[in-house]
Number of protein chains: 6
Amino acid sequence: MKILVINPNTTSSMTDKIAIAARAVARPDTEIIAANSQDGPASIQGFLDVATCIPGLLAEVARHPEVDAIVIACFDDTGVDAVRTLVNVPVLGIGEAAYHAASFIANKFSVITTLSRSVPGLENNLMRYGLVQKCARVRATDIPVLKLEEGDPATLFKIKSEIRESIAQDNTEAIVLGCAGMADLMAELSEEFGLPVIDGVAAGVTFAEALVNNNLRTSKIGAYSQNR
Amino acid sequence: MKILVINPNTTSSMTDKIAIAARAVARPDTEIIAANSQDGPASIQGFLDVATCIPGLLAEVARHPEVDAIVIACFDDTGVDAVRTLVNVPVLGIGEAAYHAASFIANKFSVITTLSRSVPGLENNLMRYGLVQKCARVRATDIPVLKLEEGDPATLFKIKSEIRESIAQDNTEAIVLGCAGMADLMAELSEEFGLPVIDGVAAGVTFAEALVNNNLRTSKIGAYSQNR
Amino acid sequence: MKILVINPNTTSSMTDKIAIAARAVARPDTEIIAANSQDGPASIQGFLDVATCIPGLLAEVARHPEVDAIVIACFDDTGVDAVRTLVNVPVLGIGEAAYHAASFIANKFSVITTLSRSVPGLENNLMRYGLVQKCARVRATDIPVLKLEEGDPATLFKIKSEIRESIAQDNTEAIVLGCAGMADLMAELSEEFGLPVIDGVAAGVTFAEALVNNNLRTSKIGAYSQNR
Amino acid sequence: MKILVINPNTTSSMTDKIAIAARAVARPDTEIIAANSQDGPASIQGFLDVATCIPGLLAEVARHPEVDAIVIACFDDTGVDAVRTLVNVPVLGIGEAAYHAASFIANKFSVITTLSRSVPGLENNLMRYGLVQKCARVRATDIPVLKLEEGDPATLFKIKSEIRESIAQDNTEAIVLGCAGMADLMAELSEEFGLPVIDGVAAGVTFAEALVNNNLRTSKIGAYSQNR
Amino acid sequence: MKILVINPNTTSSMTDKIAIAARAVARPDTEIIAANSQDGPASIQGFLDVATCIPGLLAEVARHPEVDAIVIACFDDTGVDAVRTLVNVPVLGIGEAAYHAASFIANKFSVITTLSRSVPGLENNLMRYGLVQKCARVRATDIPVLKLEEGDPATLFKIKSEIRESIAQDNTEAIVLGCAGMADLMAELSEEFGLPVIDGVAAGVTFAEALVNNNLRTSKIGAYSQNR
Amino acid sequence: MKILVINPNTTSSMTDKIAIAARAVARPDTEIIAANSQDGPASIQGFLDVATCIPGLLAEVARHPEVDAIVIACFDDTGVDAVRTLVNVPVLGIGEAAYHAASFIANKFSVITTLSRSVPGLENNLMRYGLVQKCARVRATDIPVLKLEEGDPATLFKIKSEIRESIAQDNTEAIVLGCAGMADLMAELSEEFGLPVIDGVAAGVTFAEALVNNNLRTSKIGAYSQNR
């Protein structure tokens, strides 16, 4: 099957990292098509970026009509509802995929994300999905998204320190990495802290494979209908 | 003061109706600037329109920098978070304004909206605002938004019949008109059914005046901050 | 229009302060009638005062039959439901007015109130209004209501220190002043801390003006009906 | 032990019926002191009565200082918080007692009450107690409280018909009688419909006995504290 | 009346302590039958014990067919739904009994329990009962259940220190002892800290007496029905 | 990988049907080990069966130590928490798998289950998972579980008629089949009604594959820890 993993910002180095994370978990017979928007913000941080990245995202989706599922690789799950209305195949945001994955293996999870300004948007999503009661806390590291690309040791140190506090204070049983740019850290952090660490890209790709194998598609009799 | 009342679809006859509703309630010294998007969908029905109208909405907002408050005259409250991030003045969606107004004068309200496909989006908004527990039911009339512009008696008949059922079945104490295109019906329906009928355009304009007179502006220390 | 702003305790110096706050935001053509109960507790702190102030409040309301709206200037929103049943015009509590105002301009707000014993009553109100999810925390300063009238610098210091902690710890984006007696501090605190500071008296008066201009009145077909 | 069962309206025939219901379940060594307000409304129907009955209720409580527990025999649980602040002994409303009793023996219960105008007040209480999720529906019979005193067969017929509908439509497993004036119907209805029928007066008295035997009293370190 | 108080673990010294707590609050004419499972875990700590104790619990229940009510003396409320399906009499878990008792006398309560691994199970129960909003926090002492039997002063010290923190930090108004093995501490702790301290065994026995005196039994028309 | 799909009742014809559903969606390199309890109830209907099937379920799990994931093929998700504590690999109930799958492709889903007596247990699960707000309604067909094995046309007719009502009345966008014994109906019903129909066995197997490929296992630092 073909899964479109689409980064709704325009930073191709981030798309490359996402593609690696996606291919690392995909089945041998799954083709991962990694793409990003051609126009729009270079990173998605806060409500304005979430809105302005939409045209580029929809345009890029339209460029890949023959796919079996779509994963939107932005932790804010931007544009998920719009893309579900546009296509018939299953569409998953990496935020929602990660939260649902965490719900299967832990009583409580904490989210480690980038800037504080992104926290209310993530909390709104958790409330909408019904999973806010499973989330111990959304913790900001105050690391900008693109800073994650630089491989600065201080960045990793900050993430680890939030995980440590989360275990000590939040009764958390699993960690959700709250940015597609953290996808490469999953294994190392899980090993070091002895608890599940969930990356939404990996969760999104494998859940997309699951839905396709269930022969399940986006419902077209209600709000995702394309008929006027 | 100047209030920008912005219709995020491109149908100018609807903007005209919105302008009339806004001016009918605004104070004498309030200037209503009614505008609509230059590009985008002709009406906003469902998740895809909610997303694709954003660029046109943001562009139109940018054309009116010197206003004291902004009312987004789409009942889905599309783009409210993005516009709040873009500007410093208060920004209200007409959906949220109507729900909050209803909360002040009734224990329960019902929403009468256009197509069924819009219902889940409105329910998501109500959940996010915390007001879902005050909403008896969101009822669809299955009248397309632009059909409201035609003045067909069958349209009014359908709206009245949903209000009648809502009073009989939902324990509702007030009606919220769930589309900017219904703004002209407020007085007639309130008179006929003997209960408050709330139009979001009117509610949004008067609450915007209220916030400006309180000297309150959109908070800029959290998720609506423009700094990176 | 005439708005009755009624202080349900018997402390007239507090009524004077409330009147000033009300007139500061009211339109030129709005007449503010400030009044207080003739009988009952000197301040309203906790569940017993909330109950015992009711007869005095209802009696005072009855003395002002020709008003267009009523604002109950006690942050506990005492007697709001009873007064709504008694009259036809819109009735707002200053607590609910402030919470709804905060919801329009911030993702999360914190409340700074007087005694700890008042906190559960405010939390009950927030739950009933549906806005508990928007409230980061209700913080008590342990300053008695009437102490606010004395202008003691230690009082202001304590309020400021709670606001500081709230910004640092609660992810709050706005502050709601949780007592009518704090109405005079709004401007100074907003300036100092760089975030919206909301006073319920001002919010209540301007929202009352808004409802009157919408031609909206308390619903009389359900629980606020006067018919037996 | 001595339990004060206090009817906060002034209708003594209703107090007599309440006393019979209370004594029918009390232990042999429990003395039931049945009393009613000397001043206030003759029945409590809706928000205004709930408020205006308070002074009479508090005065009557003060006349009985030597009791071990207090049951407030109004299904709206009017004045419960105020009385808890006034005294040290346990205080129960018959509404809350009935809802908690139902929670021990059924997954879902329905409430059969008097007028429609009382429904929102009961729903507010259920939400505050956390038990709204256990309540299938609050059903109004549109029988005025005092009509229950007349023994009209049509009254009983209406109550039975609401119970029948509740079993058929609400998935209900138990019935809560939503008015102190229905206390005498508990046994007959339970027998006829084959499910638990809960009267708040009986539940309140026996739970009061339970709390006294646990040596539990109203907490005095928080909102029920009498210290200023 | 006869009340079966059943300890679903196999530690008879704990059963003895439970019997003493039960008899201390029961009426003179109530016969307390204290029993424990003959097979199963020696203590119940976490989800696996909660499940594996069920056969022993159900077997022991079957050995006592002639009782008027059953109290399951495990704070996790293990097997309550199954036993309710098996018998017709009222069945109470000591966890739920304690939470409901706390709700009658305090706005907020905290739970002091044994191991951290038990916390999510208790939080799930509170959510299901609807009382999670009344619970300020479930606090683990990290004392194993059977350690409570040893009378080690360090154990009591740890419990007291958690209560102290709970009063200082959680705004709590009452303490619920979160293990049947703490039943003997109720009086001492209540005295020392000046707030209600609730033991589920005592609450369960007295509420069982109350339900029996109300002539209320487990509903048999829904999910607790034994018919297939 | 090896996935243990375990039917916690003793009806092997149902296990055969489950095995077929599991293998129909599993990858070529996934080995499905279908098993059922050796002891316990022949079907699981209501709270008592949910409890009494546990020992047989745990014994069967222990017979298959070398698996990569476990799917518990009972729609009540019985024993999921206990099995998660017993093993390190991912464990999914088919109820939770189906609800989460539905959340990815529809705004609202309805559940079509067997007997009415099972409804409260499913509603409790939905509340615990947080997904109750996505579930329009749990509908009982009043078909006993084992009746599904008989292939009676009246059975299929009843299921179809509930789906039809659900589409007409509940605003549902997807159907969740609420019993492992309905697994063979998924394709036919989806085709006939034009909306996604979700079978928990298929969802559980494919999500288990997904978690294994993510290298995610049950968290062992909290309530699922095996250490005492």
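User: By what turn and shift can chain A be laid on chain F?

Analyst: Copies are superposed by least squares on the C-alpha atoms of residues with pLDDT of at least 70 in both. In this predicted model, a turn of 180° and a shift of 0.0 Å along the axis lay chain A on chain F with an RMSD of 0.0 Å. The two copies are thus related as by a two-fold rotation axis. Within chain A, Gly130(A) has the C-alpha nearest the axis, 2.3 Å from it. Residues are numbered from 1 along each chain as its sequence is written, and chains are lettered from A in the order in which they are written. Local features need pLDDT of at least 70, and side-chain values use heavy atoms, without hydrogens and water.

User: Which order do the strands of the open sheet in chain D have?

Analyst: Strands are DSSP runs (E, at least two residues), numbered from the N terminus, and two of them pair if DSSP finds at least two bridges between them. The order in chain D is E6-E5-E7-E8, with parallel pairing. Strands E6 (135-140) and E8 (197-199) of chain D stand at the edges with a single partner strand each, so one side of each lacks a neighbour in the sheet. Strand E5 (residues 109-113) of chain D pairs with E6(D) over five bridges; Thr113(D) has Ala140(D) as its bridge partner in E6(D).

User: How many disulfides does a search of the whole structure find?

Analyst: A disulfide is a covalent bond between the sulfur atoms of two cysteines; the criterion is a pair of cysteine sulfur atoms within 2.5 Å. The search finds zero over all chains. For Cys74(B), the closest cysteine sulfur, in Cys53(B), is 6.1 Å away, too far for a bond.

Methods
This is a predicted model: local features need pLDDT of at least 70, side-chain atom pairs count only at pLDDT 80 or more; totals for chains, interfaces and linings use all residues. Helices (H or I, at least four residues) and strands (E, at least two) are DSSP runs, numbered from the N terminus.
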